[in-house]
Amino acid sequence: MTTTTVPAPAPEQQALAAQNVHPRRTRFVVIGWVYSILGVLLMELSGRVPSDDITFTFGIPPDVPQITLDPPGMVLLAGMVLLAGGITGIFEHRLGNITRVGLAVATAAFVPLLLVLSLAYSTSSKQTNLIPILVESLRQGTPIALGALAGLWCERSGVVNIGIEGMMLAAAGGGFVAYAVLGGAEGGFWLWASVLIAVLIGGLMALLHAVLCVTFRTDQIISGVVINLLALGVTSYLRQQVIVPSGEGGGGITLPTWNIPLLSDIPIIGPVFSGKPIYFAMFALVALTTWVLFRTPFGLRVRSVGENPHAAETLGVDPIRIRYLAVVIGGLIAGLGGAWFSLETVGSFEDNMTNGTGFIALAALIFGKWRPWQSFGGAMLFGFAAALGTRLQILSVRLEDFRLLDLSRFGLDVSVVRITGLEIPSQALQALPFAVTIVVLAGAIGRAIAPAADGVPFERSK
């Protein structure tokens, strides 16, 4: 009888295995401690939160569902949830998958917590309607989702694209130039034609990116930066030399609002089914991208080229052709996202109108781990942050006597944090989506692994 001895892993392999496990545990432990500390601070704060009841409505009162809450009790509950979730993170090595559930629930608690605190310290109203926040989240998330889809097509084929911002900006500017000059910004045929022109401009910018990265094998990050700077300069020039002299710089007619029959009349969620064409196109493109990438031979070729282009080449796939097609498809989608800014939303164009949306879209793509519906979810998260910032501005949040870690109960007139008469500035609220971006990119979502050949230039085998 022959006995087979399995050799022990080499020290290098053991170290590598430890490295693959250790970062996740470290991240969970750090997040767990942060959540635990926040939970304790919230529990300590709960007794000094304004006690006036707040009301959340789901429509326009009075004949709509509504919830009345006690702010101190809700802050105490949120603190307990954060503390419990933090403890699961600290003891991840013992609790296993329970940690993911605990941290997910604790993270979700931030949304109602922020709304409760905002209403509690609001100087304008103790009541707010949640439906507009939901609808506005979808609206604000539309260009982010389109930008994430653009990046998805590029990076699934192995081409890094940080030029999404530039593609969207060029499309927004070029589309509105065509609309203002050819159609007088008065709607009709030229409005729809300008949307098509914006889409084509996004495709042309993507084609330039593909030529630089795929044919000339230029550094893909540098190429994306070039695209962004080119779009910023060209659109600024066109605005000064064409749009402003034309007298059509603002107030143009935008795309019409469509209502889906029957669905738009459903109570509470009906407003979700009422929107403009690019808003509805976003949902269709997410579904279409999912089907093409994961259910068709072309999608399989795109994904194979993004993972191992040389192996795909041995099977008869042309990686260069596939990468060109994927990058241009991504550019066309980015162009539609650009048209959302100037032709669907405001009917005008301003310098740097996209305001970093393309970069936030990349964060949504990473959040979704390079998958369409997950990236859509990330885009809606950032859209919610933007909508929430707008709503907080309306509520006029003001901290009259905010004390954290108040030691007066022990006979000491000391507070670690004390804020009196501070109104939350609008700039801080407008920065909320970017703050969420930083949290996402810092790794709060866990490890995200890009396609294996993403960013690697391809050269044909000889």
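Which helices do the buried residues of α9 pack against? This predicted model gives the answer in the first view below.

**View 1. The buried residues of α9 and their neighbours.** Helix α9 covers residues 220-246. Its buried residues are Gln220, Ser223, Gly224, Ile227, Asn228, Ala231, Thr235, Arg239 and Ile243. They pack against α7 (164-183), α8 (189-215) and α14 (357-367).

**View 2. A kink in α9.** Follow the helix along and you'll meet a bend of about 40°, centred on Arg239. Arg239 is also on the list of buried residues in α9. Even with that kink, the 27 residues reach 37 Å from the first C-alpha to the last, close to the 39 Å expected at 1.5 Å a residue.

**View 3. The two ends of α9.** At the N-terminal end, Asp219 acts as the cap: one of its side-chain oxygens sits 3.0 Å from the backbone nitrogen of Ile221. Just after the helix comes Gly247, with a positive phi of about 75°.

**View 4. The buried face of α4.** Now look at helix α4, residues 98-108, where Thr99, Gly102, Leu103 and Ala106 are buried. Seen down the helix axis, these buried residues fall within an arc of 95°, so they line one face of α4.

**View 5. Stretches with pLDDT under 50.** The protein's mean pLDDT is 86, with 84% of residues at 70 or more. Residues 1-6 stay under 50, and the model gives them 0 contacts beyond four places in sequence. Residues 12-21 stay under 50 too, with 3 such contacts.

Methods:
Residues numbered from 1 in each chain as written. Predicted model: local features only at pLDDT ≥ 70, side-chain atom pairs only at ≥ 80, totals over all residues. Heavy atoms only, no water. Helix = DSSP H or I, 4+ residues; strand = E, 2+ residues; numbered from the N terminus. Expected span 1.5 Å × (residues − 1). Bend = angle between axes of the 7 residues up to and from the residue. Buried < 20%, exposed > 50% of the residue type's maximum accessible area, 1.4 Å probe, protein only. Contact = heavy atoms within 4.5 Å. Polar contact = N/O pair within 3.5 Å; in protein donor to acceptor, adjacent residues only side chain to side chain. Arc of directions from axis to C-beta. pLDDT = per-residue confidence, 0-100.
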